[in-house]
Structure formats: C-alpha cells, structure tokens
Amino acid sequence: MVHQHFKLVSNYTVAENIVLGAEPTRRLIGLAGYVDMRPVNAAIAELSERYGLSVDPTSVIEDLPVSTQQRVEILKMLYREAEILIFDEPTAMLTPQEIGYLLDIIATLRDSGKTILLITHKLEEIKQVADRCAILNHGKLIATMEMATSSTADMARRMVGREVIFEIDKAPARPGPVVLDVRGLVVENEHKVDVARDVSFQIHAGEIFAVAGVAGSGQVELADAIAGLSPVKSGTIQLSGRDITTAAVRQRTIGGISYIPEDRQDVGLILDFPLADNLASKSYFKPPFSHRGILRPEEFASYADDLIERYDIRCSNGAATLTRSMSGGNQQKAIVAREVEQDACLMIFVQPTRGLDIGAILAIRRRILEERDRGRAVLLVSLELDEILALADTIGVMFAGQMIKVAAADTLTREEVGEYMMGVKQS
C-alpha cells in the first residue's frame with residue numbers, strides 16, 4: 001500500500017527504505033553478519049528502469065521531492081513482488097505534470113498484470129485510468145460502475161448523495177484598503193538557500209490573491225513566512241499598516257492572520273490531542289475557553305460540537321475523538337473550521353481542498369468566496385490550476401522563487417498561466 005502520508009525514514013537511502021525489515025544479510029567466516037546493499041541497489045535500479053520510475057537507490061529520502069518519495073513507495077511494493085497495489089489518494093500532493101506521470105505509471109502496472117486499487121476523490125483521474133469504480137457514501141457501498149459507460153457527473157451525484165453543481169457563482173470583487181503589503185521579501189530554507197527572492201505584492205480587503213506555480217517554486221515558504229513559521233531574511237511584511245516582519249506567530253494570529261498550512265499533520269494539528277483541543281488551539285487562552293488562566297473543558301466541547309455539525313467533520317467520538325484516528329479529509333475540515341472561525345482580516349489558504357471529496361471541495365471553495373465577500377483579504381496557494389482560475393481575483397505566478405507575473409485573473413488564460421508556471425514565459 002502507498003499511504004496518503006508516506007511511511008518512509010527520512011534519513012535513510014531509497015534502498016534502505018525499500019528493504020527495511022527484510023534486509024539481505026551475508027555472514028563471513030568468523031565474523032558477524034552484515035547487510036549487503038549492492039544486489040539491492042542493482043535490483044532497485046533495474047525495477048526503476050523497467051517501470052520508468054527514475055529513482056536513484058542511493059539517494060537519501062529527505063533530499064527528494066514529494067513526487068520522487070512516492071515512487072519510492074511504489075518501488076517498495078514492486079521489490080517485494082506484491083500483486084495487489086493499493087494507492088491511497090496518490091495525487092494529493094503532486095503537481096499537474098506529476099499527476100499525469102503517476103497515472104501513466106499506474107496504467108503501466110495494470111498492463112503488466114498487477115491488480116490496482118486506487119482510492120481517490122478526483123473523478124477525472126478515475127475516468128482516465130480505472131476500469132471499474134466503487135462509490136462509497138457514509139461508509140456504505142452505493143454502486144459499482146463501469147467507467148466506459150459512466151460520466152463524472154453521475155459519479156459525483158452518487159458520491160455526495162445529490163446532484164452536484166460544479167459551477168460556483170462568483171460575484172465581482174469589491175476591493176477595499178490594502179490589508180497585506182509584502183515588499184522585497186527574501187526567505188531562505190533550512191539549508192540557507194533562498195527559496196523566495198525579492199517577492200513583492202499587495203492584497204486588498206475583499207480580494208482573493210492566488211499564487212500559482214509548480215511544486216517547489218517557493219510559494220509555500222512565502223506563505224510560511226507571512227504566517228510567521230519561517231524567518232524573513234530581508235524585506236518587509238505589513239498587515240493593515242503594521243510592520244509584522246519579525247512578529248511572533250501568536251502576535252500575527254491576534255493581529256488578524258489565520259493560516260491553513262500545506263502539511264496538516266506536522267503543522268496544522270496536534271495528532272495525539274482530542275479534536276476539541278485542536279479546534280480551540282488558536283483561542284484557548286481567551287474567553288470563553290479560559291477564565292483567569294483556568295481552562296474550561298466544557299467550553300472546548302461545546303465549541304467543537306458546533307463546528308463538527310456546521311463543517312460536517314466526521315469523527316467517531318465527537319469532540320473527544322483522537323485527531324490521529326480521523327481521515328485526512330476530516331482532519332483538513334477541522335483545520336479549515338478552526339481558521340475560518342478566527343474572524344481574521346487576512347486568511348491564508350495553502351492547498352485547502354487537498355484530499356477532500358467533490359462535495360467538500362465545492363463547500364470550501366464557496367466558503368473562501370464568502371469570506372472574500374465579507375471583506376477578508378485572502379491569500380490562496382494551490383497546485384490545482386482549476387481552483388486558482390475558479391476563485392482568484394488576482395493571480396501571482398511564482399517560478400524558481402520569484403514572482404514573475406501579477407495580473408488580474410480575467411486577463412490571463414489557462415495556457416498563459418501554465419507557461420508562466422513552467423518558466424516558458426516571463427514578464
């Protein structure tokens with residue numbers, strides 16, 4: 001199985017991860033046994049070439065991009081000669097280009113005689129590679145459909161339990177004063193490499209500013225820096241006229257920033273806390289959650305029950321549910337609920353619909369538009385070009401750490417945005 005959140009040891013090599021628990025050992029006369037990686041490396045290189053996976057068995061996992069780590073998970077299954085391969089939301093963290101490559105690999109595996117079980121909410125991907133599709137709704141098998149004779153609209157209706165309207169009504173934006181003003185921002189990663197370079201832009205109240213770019217273009221690091229999760233090397237960040245370049249995360253939260261991060265498990269949630277604690281984690285120090293420094297658990301539970309109902313967060317034990325036990329999609333709903341309820345003047349959404357079903361995706365997109373129409377400034381970072389084109393009032397395209405294009409969304413075509421994303425076109 002390739003899990004949605006990979007099961008890899010980050011400081012091990014590709015080959016060491018693949019044979020973990022089944023290491024090939026040799027024993028010399030009179031000496032202790034040792035692990036011989038040479039035949040492993042050769043076998044993995046051969047498998048990689050045979051299936052077009054392009055993975056170096058000696059590379060260290062932490063140095064590899066997400067898409068390559070996913071190929072390692074696939075190689076782990078192939079090396080162990082699995083005949084049934086299970087993919088759980090395999091494209092949730094990939095760029096459009098990487099998605100196409102992965103779907104080609106899945107088709108190749110099927111054609112080689114493997115049995116593939118693909119778990120995904122993305123209907124177009126199902127149509128592209130699947131032979132048959134089973135629809136689940138609230139844990140029940142609704143239907144099994146032949147893809148050759150089924151439409152995505154019919155699949156969506158069965159998934160959600162009602163007709164799905166894919167189009168979102170979007171009223172013209174009514175921009176107000178500048179809320180976020182970023183000037184000459186430079187952000188470096190943990191390796192002291194500049195990943196965002198001389199980035200400048202503004203976002204107004206009542207405006208959705210969407211950042212497009214292929215994965216690794218610096219857009220996530222930019223969002224982290226604005227939210228206070230990454231230090232700024234140079235440049236300035238102003239929120240409603242106040243300089244917050246060096247402000248702490250809590251100061252930014254109190255000052256009016258809410259943040260849905262890309263990594264919901266490592267950054268967005270405390271997995272071993274109950275859902276109620278996670279939903280109140282940005283507000284626990286304020287009334288009604290605490291009084292004179294004493295926490296009030298009954299308020300945590302009451303607040304959580306309200307959000308669970310309004311945001312359709314599916315959990316086994318209500319407010320007391322251990323967050324780790326929830327599905328990735330419901331963990332994402334919990335983060336969105338918590339951050340939207342902060343009533344912030346600037347809302348930062350990074351991959352807000354990743355891993356969600358079509359009904360939840362449309363609900364969150366409508367919520368983002370509602371927040372814009374309430375006068376919020378919205379910074380949207382997404383690898384889904386359809387999402388950006390559907391929601392954005394202004395589009396900024398990042399390539400190799402630089403914001404190479406900023407323009408009104410209605411002045412750019414899909415093709416132009418794609419050219420800027422790939423660096424083919426620059427202005």
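How many helices and how many strands does the protein have? Here is the whole predicted model first, then some close-ups.

**Figure 1. The whole protein, a predicted model with 15 helices and 18 strands.** Its radius of gyration is 23 Å, close to the 22 Å that the globule rule gives for 427 residues, so the protein is as compact as a globular protein of that length. Along the principal axes, the C-alpha trace spans about 75 × 55 × 50 Å. Buried residues account for 48% of the 427. Take the contacts with a separation of 6 or more, and 64% of them turn out to be between residues 24 or more positions apart.

**Figure 2. The surface and the charges of the protein.** About 20,400 Å² is exposed, and carbon and sulfur atoms supply 51% of that. As for charge, there are 46 positive and 59 negative side chains, and the centres of these two sets lie 3 Å apart.

**Figure 3. Gln331 and its contacts, in helix α12.** The helix runs over residues 328-340. Is Gln331 buried or exposed? Its relative accessible area is just 1%, and since buried means under 20%, Gln331 counts as buried. Set aside the neighbours within four places in sequence, and Gln331 is in contact with Arg264, Gln265, Leu269, Leu271, Thr323, Arg324 and Met326.

**Figure 4. A cis peptide bond between Pro287 and Pro288.** Omega is about 0 degrees for this bond. Most peptide bonds are trans. To find the spot, look in the loop between α10 (275-279) and β13 (290-291), where Pro288 lies.

**Figure 5. Arg292, a residue with positive phi between two strands.** You'll find Arg292 in the loop between β13 and β14 (294-295). What is the phi of Arg292? The angle is near 55 degrees, a positive value in a residue other than glycine. Most residues other than glycine have a negative phi. Arg292 has a relative accessible area of 79%, and as the cut-off for exposed is over 50%, Arg292 is exposed.

**Figure 6. Asp343, in the loop after helix α12.** This loop connects α12 with β15 (346-350), and α12 is also the helix that holds Gln331. Asp343 has a phi near 60 degrees, again a positive value in a residue other than glycine. How much of Asp343 is accessible? With a relative accessible area of 47%, Asp343 is partly exposed, whereas Gln331 is buried.

Conventions. Residues numbered from 1 in each chain as written. Predicted model: local features only at pLDDT ≥ 70, side-chain atom pairs only at ≥ 80, totals over all residues. Heavy atoms only, no water. Helix = DSSP H or I, 4+ residues; strand = E, 2+ residues; numbered from the N terminus. Rg over C-alpha atoms; globule rule 2.2 N^0.38 Å. Buried < 20%, exposed > 50% of the residue type's maximum accessible area, 1.4 Å probe, protein only. Contact = heavy atoms within 4.5 Å. Areas by Shrake-Rupley, 256 points an atom, 1.4 Å probe, with all protein chains shown as cover. Lys, Arg positive; Asp, Glu negative; His and termini not counted. Charge placed at Lys NZ, Arg CZ, Asp CG, Glu CD.
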